[in-house]
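Q: I am new to this protein and would like a close look at a single part of it. Please choose one stretch, start with the setting, and then follow its partners one by one.

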Amino acid sequence: MFTYPRILYSHLNTPSQHKARMTEELSSEKDQQSSTFKPPQPRNEIFQFSLLSALVSSVYSKSVGRRMSALRSFGNFGLGTFTDLDGEMIMLDGIAYHLTFDGSIKIVEPDALLPFATLTQWPEDPMLCKMVGGRGGKHEREGNKIFDKSTVQEWIETEMASQSSNDFLAIKISGQFGYIKMRTAKAVTPEQSWRDVPSTQRVEEVQSPGLQGTMLGFRAPQWAQGVTVAGYHLHFIDERKEKGGHVLDYKVENVKIEVEIIKGFKVDLPVSKEFENAEIKFNLEDILSVEGK
Ligand SMILES: [Zn+2]
């Protein structure tokens, strides 16, 4: 029987290992010259099941899916979708939620199948943390201000200026979302394909000054387009677990923005005839029609 490879999370960074990371290269160079050389600690990594290009090529049936119970060993944070693109998945603090087309939110059952998921282990002390508005906390803080999508992305890109835009970022943004525009995909029928998603998906705009919630996901480098979603890919869930979806636009205040740079990216492909026989091609136009730019 085929057994799936598993990542052991015992190697994941403690906060002190995490702080040591930025000087890791320098110290490992020094260590190599001494007799007490220890190999550098492995860094955190992103685990992805299947490919965005597989979804675009309509490879998302039950036969390619992997069970939630198997995926959760790869992290406590991430996003994905379900068989036949039936809604969106968000995993926050180790709990996976199914954001459905009808607007309801359910906890994902262990035997639910996902044809695509991207996960990581969220660090205890992320590399970057900014808080704007609100009270308390030890991190950098400015007066209250409303951020829109482009301001948040600009802030992240500026803070990351010393880092390569060729890296992956894991991003968690929590705050009061006065405005959020989201979509949830509707399960496609056998006659439909990926291309039908924009015309069948549910788009919801919520204007509610007190909507407390969390948006999380990844910024992937442009070179990864097709393997995953290049650029920002974020899903949202509110604190009461009543509203959620794939994020299209937002405005947020009293916000905490946390970012982790991730150097490892592991992809595992479906063990399935459907995947093996599919004609999976990179099609930028089809990707952008659903995932945006
Ligand atoms: Zn999404």
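A: Let's begin with a term: a residue is buried if 20 or more other C-beta atoms lie within 10 Å of its own, exposed if 12 or fewer, and partly exposed in between, with C-beta atoms placed from the backbone. By that rule, buried residues make up 37% of the 293 residues in the protein chain. Please keep in mind that this is a predicted model, where local features need pLDDT of at least 70 and side-chain atom pairs count only at pLDDT 80 or more, while totals for chains, interfaces and linings use all residues. Residue numbers start from 1 along each chain as its sequence is written.

The protein chain has eight helices and 17 strands; these are DSSP runs numbered from the N terminus, with helices (H or I) of at least four residues and strands (E) of at least two. Two residues are in contact if their C-beta atoms, placed from the backbone, lie within 7 Å. Among contacts in the protein chain between residues at least 6 apart in sequence, 76% join residues at least 24 apart.

The part to look at closely is strand E12, residues 168-184. Strands count as paired if DSSP finds at least two bridges between them. E12 pairs with strand E16 (residues 244-262) in the antiparallel sense, over 14 bridges. Two places help you to find this pairing: isoleucine 171 has valine 259 of E16 as its bridge partner, and glutamine 176 stands opposite glutamate 253.

Strand E14 (residues 212-220) is another partner of E12, again antiparallel, with eight bridges. Here lysine 172 is matched with leucine 216. Strand E13 (residues 202-207) also runs antiparallel to E12, and six bridges link the two. Look for methionine 182, whose bridge partner in E13 is glutamate 204.

Between E13 and E14 there is a loop that holds serine 208. Which side of the burial rule does serine 208 fall on, partly exposed or buried? It counts as partly exposed, because it has 14 C-beta neighbours inside 10 Å. Serine 208 and isoleucine 180 are 28 residues apart along the chain, and their C-alpha atoms are separated by 8.7 Å.

Now come back to isoleucine 171, a good residue to click on. Leaving out residues up to four places away in sequence, isoleucine 171 touches Ile156, Leu216, Gly217, Phe218, Arg219, Leu234 and Val259. It also belongs to the largest nonpolar core, a set of buried Ala, Val, Leu, Ile, Met, Phe, Trp, Tyr and Cys residues joined through C-beta atoms within 7 Å. Of the 67 residues in that core, Leu55, Met89, Ile90, Leu114 and Ile171 touch the most other members. E12 gives the most to this core, with eight residues. Domain 1 (15-120) and domain 2 (128-262) both give residues to the core, so it lies between them; the domain bounds come from an automatic or database domain assignment. As a general point, nonpolar side chains in soluble globular proteins tend to be buried together.

What else does E16, the partner of E12, pair with? Strand E9 (residues 128-132) runs antiparallel to E16 and is joined to it by five bridges. In this pairing, leucine 128 has valine 259 as its bridge partner. Recall that valine 259 is also the bridge partner of isoleucine 171. Strand E11 (residues 147-148) pairs with E16 in the antiparallel sense over two bridges, and phenylalanine 147 is matched there with valine 252.

Strand E15 (residues 231-238) is also antiparallel to E16, over three bridges. In this case the bridge partner of histidine 235 is histidine 246. E15 and E16 form a hairpin with five residues between them, and lysine 241 in the turn has a positive phi of about 60°.

To round off the tour, look at the strands elsewhere in the chain. Seven strands form an open sheet of mixed pairing, in the order E6-E5-E4-E3-E8-E1-E17. Its edges are strand E6 (105-107) and strand E17 (264-268), each pairing on one side only. Within this sheet, strand E4 (residues 88-92) and strand E5 (residues 95-99) are antiparallel over five bridges, with glutamate 88 opposite leucine 99.
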